[in-house]
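Thanks for coming, everyone. Let me put the structure up, and then we will walk through it together.

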Amino acid sequence: MYKNFIKHFLDFTLSLIGFLLISPVFLLIWLGLAIANKRDGAFFTQTRPGKNGKLFKVIKFKTMNDRRNAEGTLLPDAERLTRIGSFVRKTSLDEIPQLLNVIKGDMSLVGPRPLLPEYLPLYNKEQSRRHGVRPGITGWAQVNGRNAISWQKKFELDVYYVDHLSFTLDLKILFLTVKKVIVREGISSDTSATMERFTGNN
């Protein structure tokens, strides 16, 4: 009952209320990023796989500019991350626009994070099960290490969530998410400003 009906109703209702309440913060961040990123804009969208691998457009605040080297190649993430972008990312405020994805029904408040579509053929059968539910703004992997854990561990936690999805677990994840944001844990991996790309299981 919760998984198939109540969860989606709560997602829509809480996301709509939440977006309306934080709309002043949304506008301030938009203005700050628009100034910092200049012509690169304050938002970006990416195609991501949702439930059952169905593709959708996820929207986020743009925390990095599009600076390139002399050859036209994008600079490393750490060099393109603006000061305000770093703050927005560390406080997880870059996730705010995804409330619109939840309202649309593409995402849930809680679930495995939507990753890149090019990862789809790289998953093994067990890892692919992470797409058995709608992706979330936060999830079990995010409150257990986020970008600071390995891909293998991240996928194990995602599949655990799919198998144990419940109102109690969702509530626990939301509570731990608030805690993680406050103490700013697990934002980066050991070797990257964000997270290294997944290259498969070999």
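Where is the place of Asp-94? Asp-94 sits in the loop between H4 and H5. One caution before we go on: this is a predicted model.

Let's stay with that residue. Is Asp-94 buried or exposed? With a relative accessible area of 3%, Asp-94 is buried, because buried means under 20%. What does Asp-94 touch, if we skip residues up to four places away in sequence? The answer is Lys-60, Phe-61, Thr-63, Val-88 and Arg-89.

Take Lys-60 from that list. The side chains of Lys-60 and Asp-94 meet in a salt bridge, at 3.5 Å from N to O. Lys-60 belongs to strand E2, while Asp-94 is in the loop between helix H4 (83–90) and helix H5 (98–104), so the pair ties together parts that are 34 residues apart in sequence. Lys-60 is buried too, with a relative accessible area of 15%. As a general point, side chains of opposite charge can pair when their charged atoms come close.

How many salt bridges does a search of the whole structure find? It finds 10. Let me show you two others. Both use Arg-129.

Here is one. Glu-126 and Arg-129 meet through their side chains in a salt bridge, 3.0 Å from N to O. Glu-126 counts as partly exposed, at 43% relative accessibility. Arg-129 is partly exposed as well, with a relative accessible area of 31%.

Here is the other. The side chains of Asp-163 and Arg-129 form a salt bridge, with N to O at 2.2 Å. Asp-163 lies in helix H7, and Arg-129 lies in the loop between helix H6 (125–128) and E4, so this pair ties together parts that are 34 residues apart in sequence. Asp-163 is partly exposed, at 44% relative accessibility. Meanwhile, Lys-60, Asp-94, Glu-95 and Arg-113 are joined into one network by salt bridges that share partners.

Keep those four names in mind. Now for the empty space. Which residues lie nearest the centre of the largest pocket? They are Lys-60, Asp-94, Glu-95, Arg-113 and Arg-146. In total, 50 residues line this pocket. The space inside comes to about 1600 Å³.

What is the lining made of? By class, the residues of the pocket lining divide into 23 nonpolar, 11 polar and 16 charged. Several elements each supply at least two lining residues, among them helix H1 (2–21), strand E1 (43–49), strand E2 (55–61) and helix H7 (151–164). Which helix gives the largest share of the lining? That is H8, with 5 residues.

There is also a closed space. How many cavities of 30 Å³ or more are there? The count comes to 1. About 40 Å³ of space lies in the largest cavity. Its lining is Pro-49, Gly-50, Pro-112, Arg-113, Pro-114, Arg-130, His-131, Val-133 and Pro-135. By class, that is 5 nonpolar, 2 polar and 2 charged residues. You have met Arg-113 before, in the salt-bridge network.

Next, helix packing. Two packed helices are described by the angle between their axes and the distance between the axes. Our pair is helix H2 (residues 23–37) and H4. Their axes come within 9 Å and cross at roughly 145°. Which residues make the contact? From H2 come Ile-29, Gly-32, Leu-33 and Ala-36. From H4 come Ile-84, Gly-85 and Val-88. By class, the contact has 5 nonpolar, 2 polar and no charged residues. Val-88 is also one of the residues that Asp-94 touches.

One last stop: Leu-169, in helix H8. Leu-169 is buried, with a relative accessible area of 10%. Leave aside neighbours within four places in sequence, and Leu-169 is in contact with Trp-140, Tyr-161 and His-164. How far apart are Leu-169 and Leu-31 in space? They are 36 Å apart, C-alpha to C-alpha, and 138 residues apart in sequence.

To wrap up, go back to where we began. Asp-94 is buried in its loop, it pairs with Lys-60, and both lie among the residues nearest the centre of the largest pocket. That's my tour. Over to you.

Methods: Residues numbered from 1 in each chain as written. Predicted model: local features only at pLDDT ≥ 70, side-chain atom pairs only at ≥ 80, totals over all residues. Heavy atoms only, no water. 1 Å grid on protein atoms, 1.4 Å probe; cavity = no way out; pocket = protein on both sides within 12 Å on 5 of 7 lines; lining within 4 Å. Points joined across faces, edges and corners; volume = space filled by probe spheres on them. Helix = DSSP H or I, 4+ residues; strand = E, 2+ residues; numbered from the N terminus. Nonpolar A, V, L, I, M, F, W, Y, C, P; charged D, E, K, R; others polar. Salt bridge = Lys/Arg side-chain N within 4 Å of Asp/Glu carboxyl O. Buried < 20%, exposed > 50% of the residue type's maximum accessible area, 1.4 Å probe, protein only. Axes fitted to C-alpha atoms, helices over the stretch in contact; angles between N-to-C directions. Contact = heavy atoms within 4.5 Å.
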